[in-house]
Amino acid sequence: MTQQATIATDHLLKDIAVVILNWNGSSMLAEYLPSVVEHSAAAARIIVADNGSTDDSLAMLREHFPMVELIELDRNYGFAEGYNRALAQVEAAYYVLLNSDVEVTPHWLQPLREYMDAHPDTAACQPKLLSAINHSMFEYAGAAGGMLDRYGYAYCRGRVFDVVESDKGQYEQPISVDWATGACLFIRASDYRVSGGLDARFFAHFEEIDLCWRLRLRGRTIACVPQSTVYHLGGGTLPQGNPQKTYLNFRNNLTMLHKCLLPAQCRRVMRMRWLLDNVAAWKALILDRNIKEFKAIRKARKDFKQWREDFPNEALLLAEQGFTPTPSSAPDIVVLWQYYFRHKRLFSQFPQ
């Protein structure tokens with residue numbers, strides 16, 4: 001049998017595709033891809049989708065990782081559209097959207113696959129994310145599963161705002177969550193396609209939370225399966241405190257609320273968010289003396305107002321089509337109140 005025929009047959013047997021989106025990340029790939037190859041190649045196809053890199057990523061991959069498939073995009077489409085374009089070229093039952101700075105562990109795919117096979121109502125799940133720098137700590141970007149509070153603020157089991165917990169086995173139970181991290185997102189290809197995938201207009205940040213919410217509007221569930229563990233470096237694209245990250249987080253978060261809340265509820269939430277976002281902006285300017293952060297928040301709100309009419313209310317459209325949304329898994333709280341006024345800094349301290 002020729003090598004090409006062997007690869008084609010192998011693809012038919014492997015219905016999981018681990019897809020890593022790369023942009024000028026040669027050094028990250030060189031460091032973290034070996035663990036993915038070692039612990040995934042027997043169970044999944046491994047694909048790097050290159051977002052128009054100008055470094056030596058492609059040459060390095062061809063030389064050192066010939067077993068990894070390549071998808072070459074003609075330019076940098078951002079996280080959301082980059083994945084949409086790449087996954088449109090991949091046939092599989094399950095996709096794993098995996099950041100290039102993730103170290104995986106032996107048999108990491110097995111618990112995720114087994115959970116999905118046993119729960120056909122679940123559209124997507126994530127493993128437990130621990131820090132690649134300190135393996136005893138949860139990682140900011142997803143920890144042990146994501147939640148949303150009453151006003152759309154995202155937090156995690158194991159991470160509330162900037163307070164990250166150490167992993168002491170307190171979140172070992174598989175559980176339904178509001179969102180699964182895009183750093184390591186295990187998702188049914190059929191759900192990805194029917195939902196339209198990631199919203200490319202977001203470019204980056206909040207796109208996976210928006211996708212998970214839209215899946216829940218279709219009556220699907222999202223889960224965290226902590227029997228699978230990976231280690232995430234994090235902060236590789238835009239670090240915390242970067243004004244562009246602040247801008248994208250605020251703009252995209254407001255856009256997600258506009259899309260995913262029914263109109264009457266959205267109006268109530270947006271009135272409160274106007275107040276809270278302005279408090280955040282003026283705090284950045286007056287208390288933190290950070291004029292760039294102030295401008296980023298104000299610009300995010302301005303740009304959201306200018307483009308919000310381009311986004312239909314998906315909650316209403318899906319309700320009219322007869323879908324019954326899956327309720328939020330999060331406690332009905334205001335996380336800002338719990339954190340700043342009641343001094344509850346850990347997820348386990350919140351009312352459940």
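Here are short legends for a few views of this predicted model.

**View 1. The whole chain and its building blocks.**
Start with the big picture: the protein chain is made of 12 helices and 13 strands. Its C-alpha atoms fit in a box of roughly 65 × 45 × 45 Å, taken along the principal axes. What radius of gyration would a compact globule with 352 residues have? The answer is near 20 Å, and the protein chain has 20 Å, so the two agree.

**View 2. Inside and outside.**
How much of the protein chain is buried? Of the 352 residues, 55% are. As for the outside, the accessible surface comes to about 16,100 Å², and carbon and sulfur atoms hold 54% of that. Now look at who touches whom: take the contacts with a separation of 6 or more, and 75% of them join residues 24 or more positions apart.

**View 3. The second largest pocket.**
Zoom in on the second largest pocket, which has a volume of about 440 Å³. Its lining counts 22 residues, and the ones nearest the centre are W213, R216, L261, Q265 and S328. What kinds of residues make up this lining? They split into 13 nonpolar, 4 polar and 5 charged.

**View 4. Helices around that pocket.**
Here you can pick out α7 (207–217), α8 (243–260) and α11 (314–320), each of which supplies at least two residues of the lining of the second largest pocket. Which one gives the most? That's α7, with 3 residues.

Terms used
Residues numbered from 1 in each chain as written. Predicted model: local features only at pLDDT ≥ 70, side-chain atom pairs only at ≥ 80, totals over all residues. Heavy atoms only, no water. 1 Å grid on protein atoms, 1.4 Å probe; cavity = no way out; pocket = protein on both sides within 12 Å on 5 of 7 lines; lining within 4 Å. Points joined across faces, edges and corners; volume = space filled by probe spheres on them. Helix = DSSP H or I, 4+ residues; strand = E, 2+ residues; numbered from the N terminus. Nonpolar A, V, L, I, M, F, W, Y, C, P; charged D, E, K, R; others polar. Rg over C-alpha atoms; globule rule 2.2 N^0.38 Å. Buried < 20%, exposed > 50% of the residue type's maximum accessible area, 1.4 Å probe, protein only. Contact = heavy atoms within 4.5 Å. Areas by Shrake-Rupley, 256 points an atom, 1.4 Å probe, with all protein chains shown as cover.
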